[in-house]
Amino acid sequence: MFKRYELHNHTLESDAQQSCSELIEAMEQDGVDVFAFTDHNTVSGHRIIRQLLEDKPYNVRAIYGMEYTTYYGHILCQNLNTYVPWDSINRHKPELLFEACKKAGALVGIAHPFALGDPFARGCRFEMKITDFSCVDYIEIINNQESMQEVNSHGIAWWEKLVLDGNHIAACAGMDMHRNNGFAMKFATYIKGTDGGEPAQELITAIKSGETWVSNGIALVCEKAENGCWHFSLNDLKKPGFIPSGHYIMALKTSYDEKTFEISDEGLTLSENDLPCGNIVIPKLYAYDNSLKNILCISPVIYR
């Protein structure tokens with residue numbers, strides 16, 4: 001079963017315009033399975049969220065983290081249950097902080113790497129120098145507060161280049177929610193889990209294996225058959241506000257080429273020869289037109 005994770009959210013404990021209880025209510029009302037509590041530079045709200053979820057029988061569940069907000073970029077940590085100091089952060093070797101957070105049990109990601117930054121919002125653009133990308137668990141390739149063409153498209157392209165260069169980095173999306181502006185047609189992170197599965201551990205498994213879908217309502221699922229063919233199917237994620245069209249374009253990108261195919265609700269089966277050349281393939285789903293601009297889903301990477 002697919003589970004919807006909203007991985008980037010804030011409250012009055014840092015700089016948002018919503019309380020902890022209002023954040024929970026917003027997630028509950030939109031049918032979110034799991035939300036991350038990631039206030040800026042503080043874990044003060046962890047105990048508040050835990051208590052609120054204990055006091056009332058919500059369906060939504062929570063994981064806990066923090067967004068390190070620096071002058072050189074934002075680092076979004078999931079499953080960070082204790083405050084890890086960052087006084088000595090080095091913009092030329094951020095791996096030191098990344099590794100410290102990972103030792104504390106956290107998943108470490110880069111938030112909105114191509115946000116506008118100076119002079120509009122100093123520090124929002126990621127300007128740290130990473131030498132070893134093995135310490136990066138995921139990149140927030142779509143931040144719903146940012147423009148798709150001016151900001152998020154560059155985040156997607158950067159992630160694609162890193163993956164096609166051989167780095168194992170998961171793709172994620174985030175609302176970067178500071179107040180409830182609605183979730184319709186916004187992108188979320190989807191993973192496969194089980195009914196009653198532990199949210200933090202399921203997220204670890206998904207990100208470590210690269211099994212994440214970034215989607216605003218439909219999942220492109222890729223499976224290899226016993227005969228060596230690849231079957232691509234579409235899964236309506238039942239996200240409120242998403243209207244399926246039944247007709248889409250699938251793009252398969254490698255470091256050598258990109259091929260596109262029409263795909264409908266019936267799915268599509270391709271042979272190995274139909275796929276573009278290259279051992280690493282990034283599948284993406286678009287609304288049916290010739291522009292390949294209206295992206296709907298980025299699926300887990302195929303390793304052939």
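**Helix crossing and a three-stranded sheet in a predicted model**

The crossing of helices H1 and H2 is right-handed, and this description, like everything below, refers to a predicted model. The protein holds five helices and 17 strands, of which one helix pair and one open sheet in the order S10-S11-S14 are treated here after a note on overall dimensions.

**Overall dimensions**

- For 304 residues a compact globule would be expected to have a radius of gyration near 19 Å, and the protein, with 19 Å, agrees with that expectation.
- The C-alpha trace of the protein, taken along its principal axes, spans about 55 × 45 × 35 Å.

**The pair H1 and H2**

- Helix H1 covers residues 20–29 and helix H2 covers residues 46–55, and their axes come within 9 Å while crossing at roughly 55°.
- Angles of 65 to 115 degrees would count as roughly perpendicular and those under 35 degrees as roughly parallel, and H1 and H2 are therefore oblique to each other.
- On the side of H1 the contact is made by Cys 20, Ser 21 and Ile 24, whereas H2 contributes Ile 48, Ile 49, Leu 52 and Leu 53.
- By class, the residues of this contact between H1 and H2 comprise six nonpolar and one polar, with no charged residue among them.

**The sheet S10-S11-S14**

- Three strands make up this open sheet, in which the pairing is antiparallel.
- Strands of a sheet pair through backbone hydrogen bonds, in either a parallel or an antiparallel manner.
- The edges are formed by strand S10 (218–224) and strand S14 (268–270), each of which pairs on one side only.
- On average, and with direction ignored, neighbouring strands of the sheet are turned by 25° against each other.

**The hairpin of S10 and S11**

- Strand S10 pairs with strand S11 (residues 230–236) in the antiparallel sense, and the pairing extends over seven bridges.
- Within this pairing, Ile 218 stands opposite Asp 236 in S11, and Val 221 has Ser 233 of S11 as its bridge partner.
- S10 and S11 form a hairpin with five residues between them, and in the turn Gly 228 has a positive phi of about 90°.

How values were computed. Residues numbered from 1 in each chain as written. Predicted model: local features only at pLDDT ≥ 70, side-chain atom pairs only at ≥ 80, totals over all residues. Heavy atoms only, no water. Axes fitted to C-alpha atoms, helices over the stretch in contact; angles between N-to-C directions. Helix = DSSP H or I, 4+ residues; strand = E, 2+ residues; numbered from the N terminus. Parallel < 35°, antiparallel > 145°, perpendicular 65-115°, else oblique. Left-handed = near helix turned anticlockwise from the far one by under 90°. Contact = heavy atoms within 4.5 Å. Nonpolar A, V, L, I, M, F, W, Y, C, P; charged D, E, K, R; others polar. Pairing = 2+ DSSP bridges. Rg over C-alpha atoms; globule rule 2.2 N^0.38 Å.
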